[in-house]
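Dear colleague,

I am passing on the structure below, followed by my notes on what turned up in it. Please read them alongside the coordinates.

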Amino acid sequence: MAAYSSSLLGGYLSDSILGKYKTILYVSLIYVLGSTVLAVTAIPGVTTVGDQETHWWGVAVGLGLVALGTGGIKPVVSTFVGDQFGPSQAHLLPTIFHMFYFCINLGAFASMLMNPIIRTQLSYSVAFGLPAFLLLVATLIFFLGRNKYSMRPPTGSVVYTSLDMIRLGIAGRCRTFLSRFSNSVAYHPTATWLDPALKKYPKQMVDDLRAALSVLTVFIPIPLFWALYDQSASRWIFQARNMDRHIWGYELESDQIPAISPLLVLLFVPLFDRGIYKLLAKCGCPPRPLQRMAIGMVFTAVSFGCAAVVQFYLDQGPLSIVWQLPQWVILCCGEIMVSVTGLEMAYTQSPKSMKSLIMAMWLLTVAIGNFLVVLVVELAKLPQWQEFVFFSGLMMVGFFLFLLIAWRYEYRLEENDKDDDDKDQPKNSEFDPLVAKDIVASSSESSSSSTPAGGDGDGESDAIMSSAV
């Protein structure tokens, strides 16, 4: 939760003060420092005080820095990737966000398989130290490409101006309401509630705020998706611990089971991007982003229905881990349709001056979803299979709410952004959209791990290792 909450800081620094490139570079160093602290303090004897080993402060400081680092990078990397594409390459953005997600999951898959082995065969210090070194290498590679990137300058504090425009809009709407009941106040109806802000701010700024608020409205049901998805790295692992995990004579560790998620993503991302979506487009019915997200929510709800059935029969007797596979496959389909498409929506539908901040708000929905899980689990106290049924139903409630929001949503064409794109290209370097591939390769996991549930130390270490893949 701390990592996703701190994404607001990264988004603010990127859009208002430092710009995307400097934010990624500086915050990456904090990320490296945090993982280094974890590695050093995990060495036996380093944190010894008298006759006692006191690791808590090393873990607290290290994870705090990692949370600040990864959170600060998450909303910026994906938007920086999108910035490398000019107006003529805008049609490639869905594909590049699928590539971006593919690279994230490639690193996550490798780390989920390797870290348990490194941790048990070598030590926790090596398990933390190797990712720290790889992340440092990734940051250096990113720095070396600085002259090839398209860099948009920060636009100043959009937070203050946005809040002021909202204040003016609300005040204007209140005056309009009161004028209906008072002869002493002139009645001046406005087309939209933000129109009173036009007296103080340019129309473009007001339109940008309208666009940002529209995108944020779409995000309202998204925490319900994350509330389900993130349990694949917690509740589903608990379920796996009680199952027969022998596959072809080898017993899998329960914390290795989630590695199936990034593996499935690696298989399904090309299938969806190059197969299913293009086939539907050729048939004359290409799914729009909000349609994809809605269908993904249904898949997610169904996956928890499957988990409930497995848990019900597991309570009656032993089951093979193979019976967990269907719920993982269905959840992966939902993840691709909601999570990847959400990244695309957060970038393409947000105004240029707020792209990182809107992406940070998208990531904040993860933290809200995590909090929702804690709240429900503590208050409901349901048997595990009933809890899965409850969350499946909750996701369907979110699905219908999302349909109502999507029905009223108007897609933004970003014409104003396109007019300014040429001005934003660096004058001393040739703009090359293929450089986005290098950005993804050098800093893919700086955005996120494939399993953003987070909360345990191993998950943070896994996230660091994938940064150099």
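A helix here is a DSSP run of H or I with at least four residues, and helices are numbered from the N terminus. Just after one such helix, α14, residue K381 takes a positive phi of about 55 degrees. Helix α14 itself covers residues 355-380, and its 26 residues reach 38 Å from the first C-alpha to the last, which is close to the 38 Å expected at 1.5 Å a residue.

Please bear in mind that this is a predicted model, with a mean pLDDT of 78 over the chain and 82% of the residues at 70 or more. Over residues 415-469 pLDDT stays under 50, although the model does have 145 contacts beyond four places in sequence for them. Where pLDDT is low, the predicted coordinates should not be read in detail.

As to the chain as a whole, it holds 18 helices and 4 strands, and 52% of its 469 residues are buried. Of the contacts with a separation of 6 or more, 85% are between residues 24 or more positions apart.

One helix pair may be worth opening in your viewer. The axes of α5 (residues 93-121) and α6 (residues 124-144) come within 6 Å and cross at roughly 140 degrees; since angles over 145 would count as roughly antiparallel, the two helices are therefore oblique to each other. On the α5 side the contact is made by N115, I118 and R119, and on the α6 side by Y124, V126, A127 and L130, so that by class, under the definition used for residue types, it has 5 nonpolar, 1 polar and 1 charged residues.

With best regards

Methods. Residues numbered from 1 in each chain as written. Predicted model: local features only at pLDDT ≥ 70, side-chain atom pairs only at ≥ 80, totals over all residues. Heavy atoms only, no water. Axes fitted to C-alpha atoms, helices over the stretch in contact; angles between N-to-C directions. Parallel < 35°, antiparallel > 145°, perpendicular 65-115°, else oblique. Contact = heavy atoms within 4.5 Å. pLDDT = per-residue confidence, 0-100. Expected span 1.5 Å × (residues − 1). Buried < 20%, exposed > 50% of the residue type's maximum accessible area, 1.4 Å probe, protein only.
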